[in-house]
Protein chains: 2
Amino acid sequence: MIRVFKSGEVARADILYRGESGSTQAVEDAVADILADVKKNGDAAVLRYCEKFDGVKLAGLRVAQADIDAAYEAADPEFIRTLTMAAGNIEAFHKRQIRRNFVINDTPGVVLGQKVTPIERVGLYVPGGTASYPSSVLMNAIPARLAGVSEIIMVTPPAKDGSVAPAILTAARVAGVTAIYKMGGAQAVAALAYGTESVPKVDKIVGPGNIFVAAAKRRVYGIVDIDMIAGPSEILVLADAAANPAYVAADLLSQAEHDRLATAVLVCDSEALAGAVSAELERQIPLLPRADIARASIDNNGKIIIARDMAEGVDIANEIAPEHLEVCVDDPFSLLNSIRNAGSIFLGKNVPEALGDYFAGPNHTLPTLGTARFSSPLSVDDFVKKSSFIYYTKEALGAVQERIVDFAEREGLSAHARSVSIRFEDGQ
Amino acid sequence: MIRVFKSGEVARADILYRGESGSTQAVEDAVADILADVKKNGDAAVLRYCEKFDGVKLAGLRVAQADIDAAYEAADPEFIRTLTMAAGNIEAFHKRQIRRNFVINDTPGVVLGQKVTPIERVGLYVPGGTASYPSSVLMNAIPARLAGVSEIIMVTPPAKDGSVAPAILTAARVAGVTAIYKMGGAQAVAALAYGTESVPKVDKIVGPGNIFVAAAKRRVYGIVDIDMIAGPSEILVLADAAANPAYVAADLLSQAEHDRLATAVLVCDSEALAGAVSAELERQIPLLPRADIARASIDNNGKIIIARDMAEGVDIANEIAPEHLEVCVDDPFSLLNSIRNAGSIFLGKNVPEALGDYFAGPNHTLPTLGTARFSSPLSVDDFVKKSSFIYYTKEALGAVQERIVDFAEREGLSAHARSVSIRFEDGQ
């Protein structure tokens, strides 16, 4: 049974609680060894770990273009149609995020600006097995492509027969991935971060993964950039008394089925709704193929918080700063301005999170564990970097040289001052 | 003497080499203890560390508004004028970075968008002693203010008499800092990350600091956001044969005087210029008040790389991905497009880095250690986060429900599929 609290009677720690996950010293040590080994021994080390962890002896790491094309050609046309429509929506939304250079030239002899440059090579991690999601391929690769990344290098652990799931290969082709390598775990992260004989070194690694992948990403951060270390998935449904308890329960369960550590929370202003959703959860859980996972998530991490009113409900949502926030009220846009902390916001009673997970267009890689207070959904911004530029003529510099010298001298940095004044000295 | 290499004869590791810095286990252990202590004991712990490390027993941590105003009133009017002009330029540049919400409403019944929300509370670390720079106060606080951050909380270690440098207080008032606390080191980072009786918990911590501050920031990352862990400062001057060796040497030294670990590099296409700059460095170093620091930086980390031509010079600059890049050629805009990796780019022969450090407007907090391959200057973007939002009517959801169900079922996530289909079932 899901736990039910009244807002005035619940500790702050309980409000903020998420399912706990995390690395261990054993994981950290194993990952450190794998990184060092791949850095030193390259492909040979990756192939060795592939045999050890994935149970397959590969001849080479790269997936042939012919295999990608064969998977695409053999795919169910309905799946291609679904993928293509989703990709079109993702592209349309993310195109709006593309940033342009700007230039300021308000003063004679002075040009200032900011230029936006794509990150050159990006690695995209795609998990294997049951967590191998074609939707993640689209959500990670499409923003990278729109940003202008020239090489999008996908890595994914092979099955025991050395193959990669056809749905993943098909999604990779639809999304515009430029190369695919059969490798997973910390060894794949290492190969991307350091480069090997066959795998080019990348500048950034994105995509979800298990604790080994997360630990490896954290360790190579600085050598390369990483997207984020995602925690277990979370949903917060903010609903008023008129919400449909069956819909609310179904939406909570769509998150709970992901993972025993997933967190599903309902915040509402109605004891009656709380009771009805609780009953609906009990009715619906047994109907699910992944009932055991959903049950563990709901019982261990799920909660219903009954707020005094919807205004307090919004405050609680902002404090929790959920990854996914559903606003199940009749006039959801009336609350949009007051929502400050949430990864993605689903507005209205007919906007289940799954619509955003797969199809609507906004990214499904979102900040977890309350980091929506300061972090953003994955976007085109994550695949570019900015550089500022400054041009002054000698005359323009001369007009302000005293100010720069004044500032530098007050900070005790004479060579800074001198680098300006030397340009106006006789004989220099 | 600075070392001189020909591009064809230098190892990649030598090209990429920077002065080495880094944490030690002793630093890490000390910082972990301080964080735990402040988390548990709040103000009492901070005051205790203040007595221990800063040598002053404070009655309270907060700087009174009257003290800030008194510093401002007593400041040299020339300094106020310099600060105000610099602040105006910084504001004008960073205003161009402000992002707006967007909304897409191309399909009936479908509204998608992205909203931009300021991070609520930000902590700004300002070092004490000789590295206490009013310019850093401006460069960090002004973008935060423009982003709409409601509380900008500055922390800085007090002098032995319990005071804060008047120049820092004056810059804080000019920049729009909302509160100032007298504390430094890991204890200040802890107080900002966890909150204490007198210090509000923030969402993000920015600003430079020593290895204790850097280690503390790295450890609280995730609980709060951080800006970046800056390495020692770097400059790369890309110059053609016609560059003035005295100017180039002065610019290299403006970086070298910062820190023994600072790195100054000249890349040019002329042996003659290489020789002349080398000689100029020897001539100018003894003239500097900070000659010993500049000498150590130039001799240990400095280098001149002679490229075959300017095109190869640009490639080398992109590979090094410097924090500051000066392009000392007659037509610098001709090379702008080919520069892919640099924090800030100084275009032309009369644009010393100091112009950007203090005055021109772009930020001086820039990616070091080659991270310009994937990182950007500090900007207004660092003080906001984005949230996406999705609204569909029931009719619009109905029109695409089969696609979402198809995708979810192929990923084996039936509860995702069900959260959509339940809305179209009879009796629900």
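A disulfide is a pair of cysteine sulfur atoms within 2.5 Å. By this criterion, a search of the whole structure, which is a predicted model, returns zero disulfides over all chains. A:Cys328 illustrates the result: the nearest cysteine sulfur belongs to A:Cys268 and is 11 Å away. A:Cys328 is buried, with a relative accessible area of 3%. In chain B, Cys50 is likewise a buried residue: B:Cys50 has a relative accessible area of 2%.

The arrangement of the two chains was examined by superposition. Chain B can be laid on chain A by a turn of 180 degrees, with a shift of 0.0 Å along the axis and an RMSD of 0.0 Å. The two copies are thus related as by a two-fold rotation axis. Of the interface residues of chain B, 99% are also interface residues in chain A, so the copies meet through the same surface.

The interior of the model contains a largest nonpolar core of 63 residues. The members that touch the most other members are A:Val137, A:Leu138, A:Met154, A:Val177, A:Leu355, B:Tyr392 and B:Ile404. Helix α6 of chain A (residues 134–147) supplies the largest share of this core, eight residues. Another core, of 62 residues, lies apart from it and includes A:Leu112, A:Tyr392, A:Leu413 and B:Ala144. Within the largest core, A:Val177 is one of the residues with the most contacts to other members. Beyond residues up to four places away in sequence, A:Val177 touches A:Leu124, A:Val137, A:Ala141, A:Ile152, A:Met154 and A:Ala172.

Annotated positions were considered next. An unreviewed UniProt entry places the feature "binding site" at A:Tyr125, A:Gln187 and A:Asn210. These positions span 86 residues in sequence, yet no two of their C-alpha atoms are more than 12.7 Å apart, so they gather at one spot. A:Gln187 lies in helix α8 (residues 185–194) of chain A and is buried, with a relative accessible area of 3%. When neighbours within four places in sequence are left aside, A:Gln187 is in contact with A:Ile34, A:Val38, A:Val46, A:Tyr49, A:Cys50, A:Phe53 and A:Asp54. In addition, a polar atom of the A:Gln187 side chain lies 3.0 Å from the backbone oxygen of A:Gly184.

A:Asn210 occupies the loop between β7 (204–206) and α9 (211–220) of chain A. In contrast to the buried A:Gln187, A:Asn210 is partly exposed, with a relative accessible area of 44%. At the start of α9(A), a side-chain oxygen of A:Asn210 comes to within 3.0 Å of the backbone nitrogen of A:Phe212. Within α9(A), the buried residues are A:Val213, A:Ala214, A:Ala215, A:Ala216, A:Lys217 and A:Val220. An α-helix has 3.6 residues a turn, so residues three or four places apart point the same way. The buried residues of α9(A) pack against several elements of chain A, namely α2 (25–41), β4 (121–125), α8, β7 and β8 (225–226). Just after α9(A), A:Gly222 adopts a positive phi of about 115 degrees.

The annotation "active site", also from an unreviewed UniProt entry, covers A:Glu323 and A:His324. A:Glu323 is found in the loop between α13 (310–320) and β12 (324–328) of chain A, whereas A:His324 is found in strand β12. A:Glu323 is buried, with a relative accessible area of 5%. A:His324 is buried as well, with a relative accessible area of 2%.

The surroundings of these two residues were then listed, not counting residues up to four places away in sequence. A:Glu323 touches A:Pro232, A:Ser233, A:Glu234, A:Gly343, A:Ser344, A:His364, A:Leu366, A:Pro367 and A:Thr368. A:His324 is in contact with A:Ser233, A:Glu234, A:Ile235, A:Leu236, A:Gln255, A:Ser344, A:Phe346, A:Glu353, A:Asp357 and A:Leu366. A:Ser233, A:Glu234, A:Ser344 and A:Leu366 are thus among the contacts of both A:Glu323 and A:His324. For A:Glu234, a polar contact is also present: the side chain of A:His324 reaches the backbone oxygen of A:Glu234 at 2.7 Å.

Terms used
Residues numbered from 1 in each chain as written. Chains lettered and ligands numbered in written order. Predicted model: local features only at pLDDT ≥ 70, side-chain atom pairs only at ≥ 80, totals over all residues. Heavy atoms only, no water. Buried < 20%, exposed > 50% of the residue type's maximum accessible area, 1.4 Å probe, protein only. UniProt positions renumbered as here; feature names shortened; annotations may be inferred. Helix = DSSP H or I, 4+ residues; strand = E, 2+ residues; numbered from the N terminus. Contact = heavy atoms within 4.5 Å. Polar contact = N/O pair within 3.5 Å; in protein donor to acceptor, adjacent residues only side chain to side chain. Core = buried A, V, L, I, M, F, W, Y, C linked by side-chain atoms within 4.5 Å. Least-squares fit on C-alpha atoms with pLDDT ≥ 70 in both.
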